[in-house]
Amino acid sequence: MAFLKLNKTHIAAGETFRLSVVDKEGTQGDVIPYTISGTGVVASDFVEETNLTGSITLAANLTGFKDFTTVSDFPTGDEYVSVTFSSAGYNSMSLKVYSSFDYATEDKIEQTDTFNDWRKKSNGLLA
């Protein structure tokens with residue numbers, strides 16, 4: 001089964017995230033193209049990017065990845081902007097980019113956090 005994967009679901013402007021591809025039916029060296037889209041999103045909203053399209057090459061383990069960093073003045077509008085990553089024949093993934101002034105990510109709870117991490121970040125409160 002082939003799919004795209006993001007290591008985060010939301011970030012603040014200026015942060016880094018990773019787009020991964022897994023294609024267990026592919027072969028090493030296969031090139032998987034991707035497209036980035038979103039309202040008002042342009043290539044210059046990502047550090048060192050010149051296009052909203054690109055590709056990821058599968059390694060020997062039939063996975064590949066590319067790291068992206070958003071600029072600190074990413075055009076988030078009033079709250080956030082959704083950025084979608086897609087590739088023909090694969091699923092699409094979306095990432096919410098919030099203004100760095102309105103959203104602090106250092107305390108957000110991640111899926112990979114341990115209970116102790118969660119306890120510290122939430123100040124011990126149950127939701």
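Helices, of at least four residues, and strands, of at least two, are DSSP runs that are numbered from the N terminus.

**View 1. The order of helices and strands along the chain.** In this predicted model, the secondary structure of the protein comes to one helix and eight strands, and reading along the sequence gives the pattern β-β-β-β-β-β-β-β-α. The protein has 127 residues, of which 35% count as buried, and its accessible surface comes to about 7700 Å², with 51% of that surface belonging to carbon and sulfur atoms. Among the contacts in the protein with a separation of 6 or more, 60% are made by residues that lie 24 or more positions apart.

**View 2. Confidence across the model.** The mean pLDDT of the protein is 83, and 77% of its residues reach 70 or more. Among the elements, strand S6 (residues 63-69) has the highest mean pLDDT, at 95, whereas helix H1 (residues 115-121) has the lowest, at 59.

**View 3. The open sheet of five strands.** Strands of a sheet pair through backbone hydrogen bonds, either parallel or antiparallel. Here five strands form an open sheet in the order S2-S8-S7-S4-S5, and the pairing within this sheet is mixed. Its edge strands are S2 (10-12) and S5 (53-57), each of which pairs on one side only. On average, and with direction ignored, neighbouring strands of this sheet are turned by 30° against each other.

**View 4. Strand S4 and its partner S5.** Strand S4 (residues 31-37) and S5 run antiparallel and are joined by five bridges. Two positions can be followed across this pair: proline 33 stands opposite serine 55 in S5, and tyrosine 34 stands opposite glycine 54 in S5.

**View 5. Strand S4 and its partner S7.** S4 also pairs with strand S7 (residues 80-86), in the antiparallel sense and over three bridges. In this pairing, serine 37 stands opposite threonine 84 in S7.

**View 6. The two faces of strand S4.** The side chains alternate along S4, with Ile32, Tyr34 and Ile36 pointing to one face, where they are buried, while Val31, Pro33, Thr35 and Ser37 point to the other face and are not buried. Two residues from the earlier views can be placed in this pattern: Tyr34, which stands opposite glycine 54 in S5, is one of the buried residues, whereas Pro33, which stands opposite serine 55 in S5, is among those that are not buried.

Note on methods. Residues are numbered from 1 along each chain as its sequence is written. This is a predicted model: local features need pLDDT of at least 70, side-chain atom pairs count only at pLDDT 80 or more; totals for chains, interfaces and linings use all residues. Side-chain values use heavy atoms; hydrogens and water are left out. pLDDT is the predictor's confidence in each residue, from 0 to 100. Two strands pair if DSSP finds at least two bridges between them. Axes are lines fitted to C-alpha atoms, for helices over the stretch in contact, and angles run from 0 to 180 degrees between N-to-C directions. Buried means under 20% relative accessible area, exposed over 50%, partly exposed in between (1.4 Å probe, protein chains only). Contact means heavy atoms within 4.5 Å. Accessible areas come from the Shrake-Rupley method with a 1.4 Å probe; for residues, only the protein chains shown count as cover.
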